[in-house]
Amino acid sequence: MPTELTEERIREITGQFADAARRALAAGFEVVEVHGAHGYLIGEFLSPHSNRRTDAYGGSFENRTRFALEVVDAVRAVWPEDLPVFFRVSATDWLEEGGWTADETVRFAALLREHGVDLLDVSSGGNGGPARIPVGPGYQVPFAARVKAETGLPVAAVGLITESAQAEKIVANGEADAVLLGRELLRDASWPRRAARELGAETHAPSQYAWAI
Ligand SMILES: Cc1cc2nc3c(=O)[nH]c(=O)nc-3n(C[C@H](O)[C@H](O)[C@H](O)COP(=O)(O)O)c2cc1C
């Protein structure tokens with residue numbers, strides 16, 4: 001069984017997130033994303049399914065979101081104002097009871113916005129329990145669309161987005177501001193270029209590629 005973090009250790013880990021952001025900046029990255037989804041540490045704090053603490057970091061919504069917001073503040077403090085901070089959330093644990101819910105995600109998104117998050121990357125699941133997930137094309141898009149509609153926070157949609165027309169429709173319909181791809185990009189690393197071609201968009205290749213396209 002995992003053991004409960006002391007408040008001192010929570011402060012240390014919060015500082016380590018800021019250190020990681022500093023290193024990412026030094027390495028030349030222009031976007032940093034705080035991972036609060038999929039049952040990783042921040043997500044474990046968010047969800048009542050995994051967070052059984054009885055101190056200031058557990059119980060109420062305010063308490064369960066405290067660690068996430070402290071990490072966001074620490075990262076935002078070291079990350080330049082003109083560069084974006086993303087946050088990845090599991091919109092729902094997909095549990096019938098006792099889990100993190102889409103309603104909480106919307107409430108949380110509004111707080112993230114106040115704390116300087118520029119975009120919410122809306123995934124779902126991964127926090128254990130008897131989750132029943134209706135996996136299918138674009139199955140997480142409605143969660144992203146809801147956050148965008150109800151909070152105005154820019155969102156990215158992810159999960160079984162594989163076709164150029166499907167991706168285009170999600171953005172064109174205003175359901176999300178961006179789409180993110182995982183497995184399809186592992187299968188076809190040239191997917192963005194192929195999609196751009198299929199959608200009739202101009203592509204720009206490094207000059208070394210020019211005679212290949
Ligand atoms: C091999 C593999 C490893 C992954 N590892 C992570 C991870 O470390 N962190 C994360 O947020 N998501 C991870 N994911 C999930 C993807 O980021 C993405 O959200 C998910 O695969 C759904 O999108 P897709 O249908 O486009 O693949 C992983 C997915 C795959 C296939």
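**Notebook: the ligand and the cavity**

I began with Arg183, and found that one of its polar side-chain atoms lies 2.6 Å from an oxygen atom of the ligand. I note at once that this is a predicted model, and I read every distance here as computed from it.

I then looked for other contacts to ligand oxygen, and found that His35 places a polar side-chain atom 2.6 Å from an oxygen atom of the ligand, while Leu160 has a backbone N or O atom 2.6 Å from an oxygen atom of the ligand. Taken on its own, the ligand has 600 Å² of accessible area, and the protein covers 58% of that.

Next I listed the residues around the ligand, which are His35, His38, Tyr40, Arg88, Val158, Gly159, Leu160, Leu181, Gly182 and Arg183. When I sorted this shell by class, I counted four nonpolar residues, four polar ones and two charged ones.

I turned afterwards to enclosed empty space in the protein, and the search returned one cavity of 30 Å³ or more. The volume of the largest cavity is about 60 Å³, and of the 13 residues lining it, those closest to its centre are Gly36, Gly43, Ser90, Asp93 and Trp100.

Which elements each supply at least two residues of this lining? I found that α2 (41-46) and β2 (85-90) each do so for the largest cavity.

My last entry concerns the character of that lining, in which I counted eight polar residues, four nonpolar residues and one charged residue.

Terms used:
Residues numbered from 1 in each chain as written. Predicted model: local features only at pLDDT ≥ 70, side-chain atom pairs only at ≥ 80, totals over all residues. Heavy atoms only, no water. Near = heavy atom within 4 Å. Polar contact = N/O pair within 3.5 Å; in protein donor to acceptor, adjacent residues only side chain to side chain. Areas by Shrake-Rupley, 256 points an atom, 1.4 Å probe, with all protein chains shown as cover. Nonpolar A, V, L, I, M, F, W, Y, C, P; charged D, E, K, R; others polar. 1 Å grid on protein atoms, 1.4 Å probe; cavity = no way out; pocket = protein on both sides within 12 Å on 5 of 7 lines; lining within 4 Å. Points joined across faces, edges and corners; volume = space filled by probe spheres on them. Helix = DSSP H or I, 4+ residues; strand = E, 2+ residues; numbered from the N terminus.
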